[in-house]
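Work through the exercises below with the structure open. Try each one before reading its solution.

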Amino acid sequence: MCDTIPSLGSQSLLPPAGSWGLLPGRALSLHPRSSGRLTLVQGRAWLTVSAAGQPSTDMVLHAGECVVLPAHSHAVLEAWPQPGGGPALAWRWAALPAAAVAPLDWRQTVAAPARDLGQAGLVLLDAAGRLAKGLLGLAVWALARPWVASLLARGAARRIPWGLHSG
């Protein structure tokens with residue numbers, strides 16, 4: 001949510017108190033570590049925003065307008081020259097609490113984790129199946145071992161019908 005800020009009528013190239021300035025024709029690259037609101041206080045700007053897994057977005061901002069930038073995004077802010085040598089660009093940044101930031105895209109916030117959980121579920125099922133097969137084999141061997149031991153003890157190993165008889 002962006003608050004409307006009235007445009008300053010000043011023709012000064014100095015930014016208003018509490019804001020950052022950028023001269024006309026210059027650009028600035030922003031890499032916010034946390035989500036925040038970029039508000040244009042003075043001038044006009046071209047803004048390009050790119051975030052992981054999202055297409056880049058270009059927009060023109062005028063004094064009084066703002067945009068919410070997500071954490072770890074990349075934004076390039078360019079000050080546009082004003083007709084008649086108007087004011088330079090001035091902007092403010094306000095960090096937002098994590099709860100105040102709306103999700104960027106359902107693909108990033110819902111679909112990607114759901115796909116990851118689905119893949120993890122398949123790996124889990126495969127591992128559970130291999131574990132069950134191993135435990136079953138161990139149980140069969142535990143049951144059969146006394147029987148095989150008694151056959152070997154009685155010398156009946158020569159009569160075992162699996163192709164290993166000696167005679």
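**Exercise 1.** Is tryptophan 91 buried or exposed?

*Solution.* The model is a predicted one. Step one: take the relative accessible area of tryptophan 91, which is 6%. Step two: apply the cut-off, since buried means under 20%. Tryptophan 91 is therefore buried.

**Exercise 2.** Classify the ring pair of tryptophan 20 and tryptophan 91, then place both residues in the chain.

*Solution.* Two quantities are needed: the distance of the centres and the angle of the planes. The ring centres of tryptophan 20 and tryptophan 91 are 5.9 Å apart. Their planes meet at 15°. Planes under 30 degrees apart count as stacked, so this pair is stacked.

Now the location. Tryptophan 20 belongs to strand S1 (residues 20–22), and tryptophan 91 to strand S8 (residues 89–95). The pair therefore ties together parts that are 71 residues apart in sequence. Tryptophan 20 also stands opposite tryptophan 91 in the strand pairing. Burial is not shared: tryptophan 20 has 56% relative accessibility and counts as exposed, whereas tryptophan 91 is buried.

**Exercise 3.** Repeat the analysis for tryptophan 46 and tryptophan 80.

*Solution.* The centres of the rings of tryptophan 46 and tryptophan 80 lie 5.8 Å apart, with the planes at 15°, so this pair is stacked. Tryptophan 46 sits in strand S4 (residues 44–50). Tryptophan 80 sits in the loop between strand S7 (74–79) and S8. The two are 34 residues apart, and the pair links distant parts of the chain.

Check accessibility next. Tryptophan 46 has a relative accessible area of 31% and is partly exposed. Tryptophan 80, at 24%, also counts as partly exposed. The count of aromatic pairs comes to 2.

**Exercise 4.** In what order do the 4 strands of the open sheet run, and which strands stand at the edges?

*Solution.* The order is S1-S8-S3-S6, with antiparallel pairing. S1 and strand S6 (66–69) each have a single partner strand, so they stand at the edges. One side of each is therefore left without a neighbour in the sheet. From one strand to the next, the twist averages 30°.

**Exercise 5.** How many bridges join S1 to S8, and how many pair strand S3 with S8?

*Solution.* Start with S1 and S8: 3 bridges join them, and they run antiparallel. Then take strand S3 (residues 36–42), which pairs with S8 over 6 bridges, again antiparallel. Finish with the residue partners. Leucine 38 has tryptophan 93 in S8 as its bridge partner. Glutamine 42 stands opposite alanine 90 in S8.

How values were computed: Residues numbered from 1 in each chain as written. Predicted model: local features only at pLDDT ≥ 70, side-chain atom pairs only at ≥ 80, totals over all residues. Heavy atoms only, no water. Phe/Tyr/Trp six-rings, centres within 6.5 Å; stacked < 30°, edge-to-face > 60°. Buried < 20%, exposed > 50% of the residue type's maximum accessible area, 1.4 Å probe, protein only. Pairing = 2+ DSSP bridges. Axes fitted to C-alpha atoms, helices over the stretch in contact; angles between N-to-C directions.
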